[in-house]
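Please work through the exercises below with the sequence and the 3D structure beside you, and try each task before reading its solution.

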Amino acid sequence: MIHWPESLVEPLRARRWHSEASHTNRRANNDVFNGSTRPRPVRGQFAHLFKLHPGVSAVYAVDELPERASKAVEQLGLDGTMGSFDELLASDVDAVAIFTQRWTHGPLVIKALRAGKHVYSAVPMAISEEQIAGIIDAVRETKLVYAMGETSFYNPATVYARKQHAAGKFGRIFYTEGDYVHDMDLGFYEAYQYSGGENWKATASYPPMLYPTHAIGGVLGAIPGHAVSVSCIGVKDDRGDGVFDKEVSMFDNDFSNATALFEMNDGGAMRTNEMRRVGYPSHIRESRFRFFGTEASFEQLATTTLWQDKEGSWTSRTRWRPSRACRPMTPRWRTSPRTSRCVHLRPRSGARRRTAPR
Ligand SMILES: NC(=O)c1ccc[n+]([C@@H]2O[C@H](COP(=O)([O-])OP(=O)(O)OC[C@H]3O[C@@H](n4cnc5c(N)ncnc54)[C@H](O)[C@@H]3O)[C@@H](O)[C@H]2O)c1
């Protein structure tokens, strides 16, 4: 018998779960919990999926705001609520899932592991080296399962780049970019007001680089490797509305945008951006990834993606056909009178007529 609390809901086999979760993530819709226009809390979407999992016999919800837990049970058909995190840890549940605010995960995860529970946590893992070390030590000592749910692993661009990399289509990937471009005006104010109460501005100034996993996860989800050094630049905010104001911020933070450059273990470079004040349609796509290899490159933008190599470039918008008419001086390509697109003239001797990489 497995009991799962709502904001701490998650089955052990999160890894397999994730594939569905990431898709639902992107199609956020109105919050059924309180009718606001902000995206539906991610925890609700996961709880719904866990409830469907054949390996899960019961899902329980816990929230410091009990009405939210009861509403989740009602809305998602969960099996009940528990009064508190401590009551949950004292119960016979096998595992817990943590979907609390992003700066609160570390201590809750360590406490749950030390209480003998397997743990799944929303990103980020934690917000200090000490907390991260504490989780690693707890996992090593308890031999329990800990999983952090980075949904970018399933971003279509990351999935495609992972496949192309495995097939050797990029050559050696030496430079990558990952961006999480989520402007505060596009849902973040509401998200922080939803759980921040009176004091929401102090929380809404959460340092962008303490939420780095979507940008990094979308890159490292496609290419093996890890970073060995980093330098980062923070951009001071100048909106002047009390958010990202050092005097107000509970994190003493006034950076609203930040850029980091990582050296990778294979000698390559990765650049990531965490942007919260940015003219970008993050309601269409809030993450974007680029991969540059010695033989080909791949770039994701808000509404299209580009595969490029030394021959030409293709966009997903045109279902992998050349994106526009041939630029002059492009040997072996001509603009098709029928499609006014640039098509390969004549395959090199014996080569099959070229279509775009699938
Ligand atoms: N794609 C993604 O991976 C993705 C997307 C959105 C949010 N997130 C992450 O998911 C987490 C939750 O996001 P959200 O928008 O649902 O947050 P939220 O602020 O809407 O909900 C957090 C809930 O946790 C409850 N809570 C806090 N501390 C608690 C405790 N000790 N015991 C019981 N309940 C507690 C709060 O009352 C609140 O209802 C955040 O860490 C966020 O970073 C990830």
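Three exercises follow, each with a worked solution.

The structure is a predicted model, in which local features need pLDDT of at least 70 and side-chain atom pairs count only at pLDDT 80 or more, while totals for chains, interfaces and linings use all residues. Residues are numbered from 1 along each chain as its sequence is written, and side-chain values use heavy atoms, with hydrogens and water left out.

**Exercise 1.** Find how strand 8 is paired with strand 7 and with strand 9.

*Solution.* Begin with the terms: strands (E, at least two residues) and helices (H or I, at least four) are DSSP runs numbered from the N terminus, and two strands pair if DSSP finds at least two bridges between them. Next, take strand 7 (residues 227-236) and strand 8 (residues 255-264), which run antiparallel and are joined by nine bridges; here C232 stands opposite A260. Then turn to strand 9 (residues 269-275), which pairs with strand 8 in the antiparallel sense over seven bridges, with E263 opposite A269. Finally, look at the turn: strand 8 and strand 9 form a hairpin with four residues between them, and G267 in that turn has a positive phi of about 90°.

**Exercise 2.** Decide whether E274 is buried or exposed, and list what surrounds E274.

*Solution.* First, locate E274 in strand 9. Buried means under 20% relative accessible area, exposed means over 50%, and partly exposed lies in between (1.4 Å probe, protein chains only); E274 has 0% relative accessibility and therefore counts as buried. Contact means heavy atoms within 4.5 Å, and, leaving aside neighbours within four places in sequence, E274 is in contact with residues including Y180, Y211, P212 and S256.

**Exercise 3.** Which parts of the chain does the salt bridge between R239 and D185 tie together, and which does the one between R277 and D241?

*Solution.* A salt bridge is a side-chain nitrogen of Lys or Arg within 4 Å of a carboxyl oxygen of Asp or Glu, and by this rule the count comes to 16. The side chains of R239 and D185 meet at 2.8 Å, N to O. Because R239 lies in the loop between strand 7 and strand 8, and D185 in helix 8 (residues 184-196), the pair ties together parts that are 54 residues apart in sequence. R239 is partly exposed at 40% relative accessible area, and D185 is partly exposed at 42%. The side chains of R277 and D241 meet at 3.3 Å, N to O. R277 lies in the loop between strand 9 and strand 10 (287-293) and D241 in the loop between strand 7 and strand 8, so this pair ties together parts that are 36 residues apart in sequence.
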